[in-house]
Amino acid sequence: MALIHNLGYPRIGAQRELKFAQEAFWKGLESEAELQAQAKNLRAENWAAQSALDLVPVGDFSLYDQVLDMSFTLGNLPARVEGLEGSELDNYFRVARGRSAKDSGCHCVHAGEMTKWFDTNYHYIVPEVTAGTTFALNADRLLGQLAEAQAAGVPAKPVIIGPVTYLWLSKEKDDSNRLDLLSALLPVYSQLLEKLADAGAEWVQIDEPALVTELDADWKHAFETAYHTLKANRPKLLLATYFGTLQENLQLACNLPVAGLHVDAVRGREEVAKVVDWLPQHKVLSVGVIDGRNIWKTHLNGVLEWLNPIAGKLGERLWLAPSCSLLHVPVDLDSEVKLDSDIRSWLAFAKQKLAELTILARAINEGYDAVADDLAANQAAIDSRTGSERVHNPAVKSEVQNITAALGQRQSPYAARVAKQRTRLNLPLYPTTTIGSFPQTPEIRKTRLAFKKQEIPAADYTASMKAEIEQAVREQEKLGLDVLVHGEAERNDMVEYFGEQLDGYVFSQFGWVQSYGSRCVKPPILFGDISRPKAMTVDWIKYAQSLTDKPMKGMLTGPVTILNWSFVRDDQPRSQSCLQLALAVRQEVQDLEAAGVNIIQIDEAALREGLPLRRSEWKSYLDWAVESFRIAANGVKDETQIHTHMCYSEFNDIIESIAHMDADVITIETSRSDMELLDVFEKFEYPNDIGPGVYDIHSPNIPSVEQIVELMTKAAERIPAERLWVNPDCGLKTRQWQEVIPALENTVAAAQVLRERA
Ligand code: GLN
Ligand code: ZN
């Protein structure tokens, strides 16, 4: 009998109930007791949705973040929240977001750093450690949830983050080595496991996804030490790995002294046979066969065909599960009543994925006949998708086939281009610009919503957006900026805006996924070959350019960013979808150029975050990602200036690829690093123009002229002044005009000072 279980369920609720409860609490509109009661309801609903499983995850629910939960369980809190008044939950939210609820006084502290959870778009709060960090068990949250589950008759399997991955995710706040803390950490894990066993947990899922990354010898050794220490404990441990293959860590993972191992059989199907060979006879193997990172139906017959021999070998030792926690997919497809019915029939969200798991287990345990109808229905959906004309567009496929290296090549090298561009644009030294968006005011949002709900006609909507654009242009002229933008008033989101206009994309209504805390994103669904039925931005930009004699930047989102912020096809490599997007963006670039737009910016905010977990796979990703950008951008004349923007500052290990993109100007985030992050550009002798951000747009603080001059002076020590631009770190859509205007006044004044000094 194969057993079925789950690694984690989305905690936000089908209608984002958690978000609204969190935010009501933070605003002081709800008490802690009310928040906890809503959380309890959500847990009960989630367990009910998983009632067909043999083992149900408990402790995967979180009021903010599962890594922060683990820090609290281990008693590892930053010293800055010690001794503050209020409840433990107040402190929890202080670490999470700098403050708790409105009515618990402003014990504002700086929030913990947030970073991406492996290669997902989920952000966790980075545990902070120092040489002096001590740990002390606080198991109340987990034991409380376990008791709650047991009272509801749930076959509970507590979920925790394993000790090695916990340290791997942590960051030293001094020059110590976090691995040295392992010996202090393990006794706390031992106590925790004892308590869980005492409370009746037979199995505990211990997540160690660090095992799918490249590990140094000391980290591998830490796994040995940790699990040889923990093996004396009573609950059976299911060691969970996910998000990739084990590769050189496979033997290590198979041989750790635990009762079971979970592997990701979506990303690592080819490796499963090897795991079966290596895994000692007494261990359970949990095979993650349902994709926890994407929204497509599983091809059940295909999985069964592959799984059957494995099931035969393993018998009772086989468990089935999704590949990873379902945290990364939306909750329930049943909510999507408006979605195109063809496409809907191809999808499965968290709830539907668990139903697939049940069918698989029944097919294996009871024979295919027991679920013949379900398998047939699934096969019909798979066939409908595979054969659909809506998915496959032969013209697009042949265009991608015909791509040659020449398509990504500018006519002349940068030095020749820049001379022509300077003559044409006639820009001063230290030209000033912004990154694209201006404040998305409540009025803009209201108008867009009214238009979406068809409460106002298209003509009214267009007129209001034009008025916004005109206002943005007038403000920029008053400020004296050199290169203007239209302000992106008409854009809800930099990816959604393009997805909505491209063939091959659909949008869900409730397909939310947690990004961090109460913030959820609704990734568009890239389901088919991509094409651009008509120009997407040209009218807006042409209108903006008509208002001014200053150069106006055409503003686009690049193919890699559109891809990385979408749910994408699993029936072709990501690189193929990216090249299709590149061809569509290229058409837009050429239309803008033909419309007389002399500067075109193509944002690649998410290029870096698409990097694979393993460094050995970076090159192949960067090759097709950079090629996609080049195809999108580089089909223009020498005189047309291409900008790109990236809102991060770690370029150390990808500088060569960045240079190969060959954008005439790159604007990046640098203000918080004091321009030190330009070192890598200097060392590499990065040849093109750079606009290092001079102030942090996330903060309401107004930078002074002196601060900006000082930063740019540091920049000019690294990059020749002729190649420097002056601009903020990123777009200004989240700010208010009363913050934007003084900040930009000072930016322009600083550029003036710099020019006079040059
Ligand atoms: N052009 C976009 C803006 O200004 C860029 C945003 C981003 O990089 N995240 O909003
Ligand atoms: Zn940015």
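Let's start with a pair of side chains: arginine 569 and aspartate 529 are joined by a polar contact of 2.7 Å. Keep in mind as you look around that this is a predicted model. Arginine 569 has another partner too, since its side chain also makes a polar contact with the side chain of aspartate 571, at 2.8 Å. To find the arginine, go to the loop that runs between helix H21 (559–564) and helix H22 (574–594). Is arginine 569 buried or exposed? Its relative accessible area is 4%, and because anything under 20% is called buried, arginine 569 is buried.

Another loop residue to look at is threonine 548, which sits between helix H20 (538–546) and strand S17 (553–557). Its relative accessibility is 7%, so threonine 548 counts as buried as well. The side chain of this threonine reaches the side chain of glutamate 477 through a polar contact of 2.8 Å. A polar atom in the side chain of threonine 548 also lies 3.0 Å from the backbone nitrogen of lysine 550.

Now move on to the zinc ion, ligand 2. Which protein residues hold its donor atoms? They are His645, through NE2, and Cys647 and Cys730, each through SG, and they lie 2.0 to 2.5 Å from the zinc ion. Written as a spacing along the chain, the donors follow H-x1-C-x82-C. The two cysteines tie together distant parts of the chain, being 83 residues apart. Cysteine 647 is in the loop between strand S19 (641–646) and helix H24 (655–661), while cysteine 730 is in the loop between helix H26 (705–718) and helix H27 (737–757).

How covered are these two cysteines? Cysteine 647, at 30% relative accessibility, counts as partly exposed. Cysteine 730, at 19% relative accessibility, counts as buried. The cut-off for buried is under 20%, which is why the value of 19% puts cysteine 730 in the buried class.

What about the geometry around the zinc ion? The angles among its four donor atoms run from 79 to 122°, and the site is irregular. The reason is in the cut-offs: four donors count as tetrahedral if all angles lie between 85 and 135 degrees, so an angle of 79° rules that label out. For reference, ideal angles at a metal are 109.5 degrees for four tetrahedral donors.

His645 turns up again when you look at ligand 1. There are 13 residues surrounding ligand 1, and the closest are Ser437, Glu488, Asp603, His645 and Gly731. Sorted by class, that shell has six nonpolar, four polar and three charged residues. Some of the individual contacts are worth picking out. Aspartate 603 has an N or O atom in its side chain that lies 2.6 Å from a nitrogen atom of ligand 1. Serine 437 offers a polar side-chain atom 2.7 Å from an oxygen atom of the ligand. Isoleucine 435 takes part through its backbone, where a polar atom is 3.2 Å from a nitrogen atom of ligand 1. How much of ligand 1 does the protein bury? Taken alone, ligand 1 exposes 290 Å², and the protein buries 93% of that.

Next come two residues with a backbone feature to notice. Asparagine 426 has a phi near 55°, a positive value in a residue other than glycine. You'll find asparagine 426 in the loop between helix H16 (414–425) and helix H17 (442–452). Its relative accessible area is 66%, so asparagine 426 is exposed. Glutamine 454 likewise has a positive phi, near 60°, and is not a glycine. This glutamine is in the loop between H17 and helix H18 (458–479), and at 71% relative accessibility it counts as exposed.

Helix H16 is also where tyrosine 414 lies. At 12% relative accessibility, tyrosine 414 counts as buried. Its C-alpha atom is separated by 20 Å from that of methionine 646, and the two residues are 232 apart along the chain.

To finish, look at valine 329, in the loop between strand S12 (318–322) and helix H12 (341–344). With 1% relative accessibility, valine 329 counts as buried. From valine 329 to alanine 201 the distance is 27 Å, C-alpha to C-alpha, and they are 128 residues apart in sequence.

Methods: Residues are numbered from 1 along each chain as its sequence is written. Chains are lettered from A and ligands numbered from 1 in the order in which they are written. This is a predicted model: local features need pLDDT of at least 70, side-chain atom pairs count only at pLDDT 80 or more; totals for chains, interfaces and linings use all residues. Side-chain values use heavy atoms; hydrogens and water are left out. Donors are N, O and S atoms within 2.8 Å of the metal (3.2 Å for Na, K and Ca); water is not among the atoms, so sites may look incomplete. Four donors count as tetrahedral if all angles lie between 85 and 135 degrees; four count as square planar and six as octahedral if opposite donors are over 155 degrees apart and all others between 65 and 115; anything else is irregular. Helices (H or I, at least four residues) and strands (E, at least two) are DSSP runs, numbered from the N terminus. Buried means under 20% relative accessible area, exposed over 50%, partly exposed in between (1.4 Å probe, protein chains only). A residue is near a molecule or strand if one of its heavy atoms lies within 4 Å of it. A polar contact is a pair of N or O atoms within 3.5 Å; within protein, one must be able to donate a hydrogen and the other to accept it, and residues adjacent in sequence count only if both atoms are side-chain atoms. Accessible areas come from the Shrake-Rupley method with a 1.4 Å probe; for residues, only the protein chains shown count as cover. Ala, Val, Leu, Ile, Met, Phe, Trp, Tyr, Cys and Pro count as nonpolar, Asp, Glu, Lys and Arg as charged, and the others, Gly among them, as polar.
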